[in-house]
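Here is a set of short exercises with worked solutions. Keep the structure in view and try each task before reading on.

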Amino acid sequence: MKTTAFTLAFAALAAAAPATAATPAAPDATVRITPLGSHDGEFCAFDRAMVFEDPDGTRVLYDPGRTVRGADDPRLGQIDAVLLTHVHGDHLGDAHTPAANAGECGKPDASVKVTPNSNTVNIAVGKKAKLVVGGEMHGFLAARVKAAGGDPKQVQLLRFGGSAKVGGVTIASVPAVHSNGLDPAFLDDGHAEALKAAGLTAYVGPPGGYVLKFSNGLVAYLSGDTGVTAEQDLVVRRFYNAKLAVINIGGTFTTGPAEAAHVINEMVKPNAVIASHANEAATRDGQLLPETRTAQFGKAVTAPMRVPLSGRTMTFDADAKCLSGC
């Protein structure tokens, strides 16, 4: 009896005792997503690029395109990996803007030409980051990285069905239905003139999208340029169970607002969606314009739509609930 009474008394005292100063605080378990567009605080015609930051600090740049101002863009900070969906100029980056807010939101000034190099390769080399690609892009981009002064081993091949780990982020490749022809402007030998004269591009394998799983449990689908494809249901939703989607909505070259809304509502079924690649001046003074494709998409989706305003960081928990910046 005495032993039992002592045990109970000790347990009561322990429960009542305040936590000591040495007790660590709970870590910030949010994923930070920062769009890097052409015009501060807006969603503009060339905007594709985003930085995803894991709770452990790993930073992943998605499709640099024409709005990241090279490796010296002060918005970049540390970059551990660059993801490229395909080699079209607006994603690989045949040029980039000379300064923040250059040109108009609907027609940004992308006058800094970088071909036959690319904005993507220059950033990967400058940041000493991994460059993750699928299809047959690996060989071409490894050669371009070497020519730019980097290490070809920076380029990591990731085809459909595979995954790679960078810090706390697991990266998986998923299909996209699009084309993937390399413009002759990215070539610097005799092949360029021959292809240009014939009206051809160099094929570098299929395009793709990505699924990212972060260390807090959030799973995000990055569509790349694509149409509606069965894998958005069979793979992205059923296998990976993506809770957040970043989907391209520009139409003509990708899903438009109606098609993208079908993907979100009936196939991926995420808890939240970020519009991307709208090919328009979607906002003015940070406010969504009502007659835009982006506004049309926002009305059509059942999940909350988040507008990617350049430079404004959004934070998400494991269930894709936006905690700030949305």
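Two strands count as paired if DSSP finds at least two bridges between them. Keep in mind that the model is predicted.

**Exercise 1. Find the strands that pair with β3 and give the sense of each pairing.**

Solution.
Step 1. Start with β2, residues 50-53, and β3, residues 59-62. They pair over four bridges, in the antiparallel sense.
Step 2. Check one bridge: M50 has Y62 of β3 as its partner.
Step 3. Look at the connection. β2 and β3 form a hairpin, with five residues between them. In the turn, G57 has a positive phi of about 100°.
Step 4. Turn to β4, residues 81-83. β3 and β4 run parallel and are joined by three bridges. Here Y62 stands opposite L83.
Step 5. Follow the side chains of β3. R59 and L61 point one way, V60 and Y62 the other. All are buried.

**Exercise 2. Place β3 in its sheet and name the edge strands.**

Solution.
Step 1. Write the order: β10-β9-β4-β3-β2-β1-β22-β23. These eight strands form an open sheet with mixed pairing.
Step 2. Read off the edges. They are β10 (155-157) and β23 (322-324), each of which pairs on one side only.
Step 3. Add the twist. Neighbouring strands are turned by 25° against each other on average, direction ignored.
Step 4. Add a helix. α4, residues 137-147, lies across β9 (130-133) and β10, and runs at about 175° to β10.

**Exercise 3. Describe the seven-stranded sheet and the helix α7 that packs on it.**

Solution.
Step 1. The order is β11-β12-β15-β16-β17-β18-β21. The sheet is open, and its pairing is mixed.
Step 2. The edges are β11 (163-166) and β21 (305-306).
Step 3. Take β17 (residues 244-248) and β18 (residues 272-276): they pair in the parallel sense over five bridges. A245 stands opposite V273 of β18.
Step 4. Place α7, residues 257-268. It packs on the sheet and touches β16 (219-222), β17 and β18. Its direction makes about 155° with that of β17.

**Exercise 4. Which side chains of β11 are buried, and how does β11 meet β12?**

Solution.
Step 1. Recall the rule: in a regular strand the side chains alternate between the two faces of the sheet.
Step 2. Apply it to β11. A164 and V166 point to one face and are buried. S163 and K165 point to the other and are not.
Step 3. β11 pairs with β12 (residues 169-175) in the antiparallel sense, over four bridges. V166 has V169 as its bridge partner.
Step 4. This hairpin has two residues between the strands, and G167 takes a positive phi near 60°.

**Exercise 5. Are N241 and H277 buried, exposed or partly exposed?**

Solution.
Step 1. Fix the cut-offs: buried is under 20% relative accessible area, exposed is over 50%, and partly exposed is in between.
Step 2. N241 lies in the loop between α6 (231-237) and β17. Its relative accessibility is 40%, so N241 is partly exposed.
Step 3. H277 lies in the loop between β18 and β19 (283-284). Its value is 1%, so H277 is buried.
Step 4. Now check the backbone. Most residues other than glycine have a negative phi. N241 has a positive phi of about 55°. For H277, phi is near 50°, also positive.

Notes: Residues numbered from 1 in each chain as written. Predicted model: local features only at pLDDT ≥ 70, side-chain atom pairs only at ≥ 80, totals over all residues. Heavy atoms only, no water. Axes fitted to C-alpha atoms, helices over the stretch in contact; angles between N-to-C directions. Contact = heavy atoms within 4.5 Å. Buried < 20%, exposed > 50% of the residue type's maximum accessible area, 1.4 Å probe, protein only.
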